[in-house]
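Got the viewer open and a selection box ready? Here is a short tour, stop by stop, with what to select and what you will find there.

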Amino acid sequence: MNALSTRQLALSGLGGLPLAMVALPLYVHTPALYAADFGVALASLGWVLLLARLFDTAIDPLLGLWQDRLSPARARALLLLAAGGGLAGFGWLVMPQRDWPLLPQLAAALLLVYLAHGWLSIALLRYGAALWPSVHGRSRVAAWREGWALLGVLLAAALPATLAARHGQQYALQVLVALLLLCSVLCLWLLRHAPAAPAPAGEHAAPPWRQLWRDAAFRRVLLVLLLNATAMAIPATLLNFYIADLLRTPALAGLFLLLYFLAAVLSLPLWVRLADRIGRVAAWRGGMLLALLVFLPVLALGEGQGGLFAVVCLLTGTALGADLAFGSALVADVLGERVAAQGGAAFGAVSMVNKLALACAAGLALPLAAQLGYQPGGDASALPWLYAGLPALFKLAACLALPPAPILSGARA
């Protein structure tokens with residue numbers, strides 16, 4: 001396939017913007033909205049959220065397998081259905097009927113949003129993997145998709161935080177729903193001009209799931225993704241505690257996140273160019289080593305050192321660019337020509353691994369913090385070791401698990 005133009009690359013990843021705008025409020029703002037604004041008991045809320053997220057994690061591989069078996073026409077129809085259903089579910093989540101029981105509404109809305117978000121995310125990854133089937137092409141497609149996603153994260157982080165302080169949490173999320181609707185309509189209109197992925201070489205049924213798992217190269221890359229995602233999820237789980245109770249600068253939390261994600265966006269083209277020179281695996285290993293190098297000084301920071309932590313955020317955000325540019329692209333490299341037959345199943349597994357990492361991070365970091373004597377607002381001397389030291393172990397393991405040489409299309413490790 002011929003190289004894609006910058007305009008085509010930008011259009012190919014545009015779907016990452018609205019998907020990212022949904023994901024952040026779903027995990028961050030929903031619990032506060034239902035507990036503080038709607039008065040739902042924390043215990044009941046926790047159970048509903050837990051069960052919904054377990055469903056979200058388990059359903060992704062099945063959605064991927066389903067996509068592998070669809071005809072192009074049916075796949076397009078289900079994409080539109082998922083987009084409409086996801087928007088309706090998100091609106092219902094933010095604006096439930098007050099005279100109906102809240103918990104059943106919350107559960108139903110979450111399941112609808114998770115189902116739609118999983119379907120659309122897997123479809124976007126699958127499309128990007130097949131769009132430009134070369135080592136260099138996949139990095140560029142992934143970089144544009146992740147760049148749009150980071151812009152969506154910034155919008156979803158900045159808008160509710162700004163509006164909630166003045167008008168309340170629900171109003172802020174209602175504005176976000178309206179903006180998301182506008183962005184989605186615009187994206188669907190622009191995606192009419194996006195390049196089409198190459199059609200499969202032949203008509204054949206998707207191979208059984210077990211055949212994908214027999215691929216040693218796929219299993220190895222999936223392990224790297226799990227270790228690396230856990231290394232990123234642990235600091236995300238503990239960030240607010242670290243900023244409030246160790247740095248003592250809670251007002252700067254938004255600025256730190258802004259610097260982190262902006263650095264990731266700006267670094268994406270640099271990582272792609274580096275991969276062109278030294279290879280994708282070597283470039284990603286360099287990004288992991290950079291993250292290790294610049295994150296470990298966090299162990300020595302203390303109260304009032306927010307300026308130094310801002311520098312850490314810039315540098316770790318730069319390293320994040322490598323994670324975003326190369327992770328899904330390596331999965332596509334392993335599949336090679338099998339993307340058409342197994343791409344849905346493979347990226348369903350990738351999505352499941354990323355969500356599993358979030359669950360593992362919360363299940364590991366928070367109980368460990370309590371075991372070491374940390375309570376919010378109290379002694380935070382153990383936080384640096386959990387916030388930086390523990391993720392460093394996972395990041396180092398991910399770096400060591402990377403294959404010693406670039407994985408060529410269809411290769412087996």
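**Stop 1: a loop residue**

Start by selecting Arg 248, which sits in the loop between H9 and H10. Its phi is positive, about 60°, although Arg 248 is not a glycine. Arg 248 counts as partly exposed because its relative accessibility is 44%; buried means under 20% relative accessible area, exposed over 50%, and partly exposed in between, with a 1.4 Å probe and protein chains only.

Some housekeeping before moving on. This is a predicted model, where local features need pLDDT of at least 70 and side-chain atom pairs count only at pLDDT 80 or more, while totals for chains, interfaces and linings use all residues. Residues are numbered from 1 along each chain as its sequence is written, and side-chain values use heavy atoms, with hydrogens and water left out.

**Stop 2: the whole chain**

Zoom out and colour by secondary structure. What does the chain have in the way of helices and strands? There are 14 helices and 0 strands, so the run of elements from the N terminus reads α-α-α-α-α-α-α-α-α-α-α-α-α-α. Helices here are DSSP runs (H or I, at least four residues), strands are E runs of at least two, and both are numbered from the N terminus. Of the 413 residues in the chain, 52% are buried.

**Stop 3: H10 against H12**

Select 253–278 for helix H10 and 306–335 for helix H12. Their axes are 6 Å apart and the packing angle is about 40°, which makes H10 oblique to H12. The axes are lines fitted to C-alpha atoms, for helices over the stretch in contact, and angles run from 0 to 180 degrees between N-to-C directions. On that scale, under 35 degrees is roughly parallel, over 145 roughly antiparallel, 65 to 115 roughly perpendicular, and the rest oblique.

Now for handedness: H10 and H12 cross in a right-handed sense. A crossing is right-handed if the near helix is turned clockwise from the far one by less than a right angle, and left-handed if anticlockwise. Colour the contact of H10 with H12 by residue class and you get 20 nonpolar, 6 polar and no charged residues. The nonpolar class is Ala, Val, Leu, Ile, Met, Phe, Trp, Tyr, Cys and Pro; Asp, Glu, Lys and Arg are charged; the others, Gly among them, are polar.

**Stop 4: H9 and its neighbours**

Keep H12 on screen and add helix H9, residues 216–247, plus helix H11, residues 280–295. H9 and H11 have axes 13 Å apart and an angle of about 25°, which makes H9 roughly parallel to H11. H9 passes H11 in a left-handed crossing.

How do the axes of H9 and H12 cross? They come within 11 Å at roughly 160°, which makes H9 roughly antiparallel to H12. That crossing of H9 and H12 is left-handed.

While you have H9 selected, pick out Asp 245, which lies in this helix. Is Asp 245 buried or exposed? With 11% relative accessibility, Asp 245 counts as buried. Draw a distance from its C-alpha to that of Pro 376, 131 residues apart along the chain, and you should read 7.1 Å.

**Stop 5: H2**

Jump to helix H2, residues 16–37, and find Leu 24 there. Leu 24 counts as partly exposed, with 25% relative accessibility. Its C-alpha is 6.5 Å from that of Ala 156, and the two residues are 132 apart along the chain.

Ala 20 is also in H2. With a relative accessible area of 9%, Ala 20 is buried. Add Leu 151, 131 residues from Ala 20 along the chain: the C-alpha separation is 8.1 Å.

**Stop 6: the cavity**

Last selection: Leu 125, Gly 128, Ala 129, Arg 138, Val 141, Ala 142, Arg 145, Ser 328, Ala 329, Ala 332 and Phe 347, which line the largest cavity. A cavity is a set of points on a 1 Å grid over the protein atoms alone where a 1.4 Å probe fits but cannot get out, and lining residues have an atom within 4 Å of a point.

The elements giving two or more residues to this lining are helix H5 (102–131), helix H6 (135–167) and H12. H6 gives the most, with 4 residues. By class, the lining divides into 7 nonpolar, 2 polar and 2 charged residues. The volume is about 60 Å³, meaning the space filled by probe spheres set on the points, with grid points joined across faces, edges and corners. The count of cavities of 30 Å³ or more comes to 1.

Technical notes
On a 1 Å grid over the protein atoms alone, a cavity is a set of points where a 1.4 Å probe fits but cannot get out, and a pocket is an open set with protein on both sides within 12 Å along at least five of seven lines; lining residues have an atom within 4 Å of a point.
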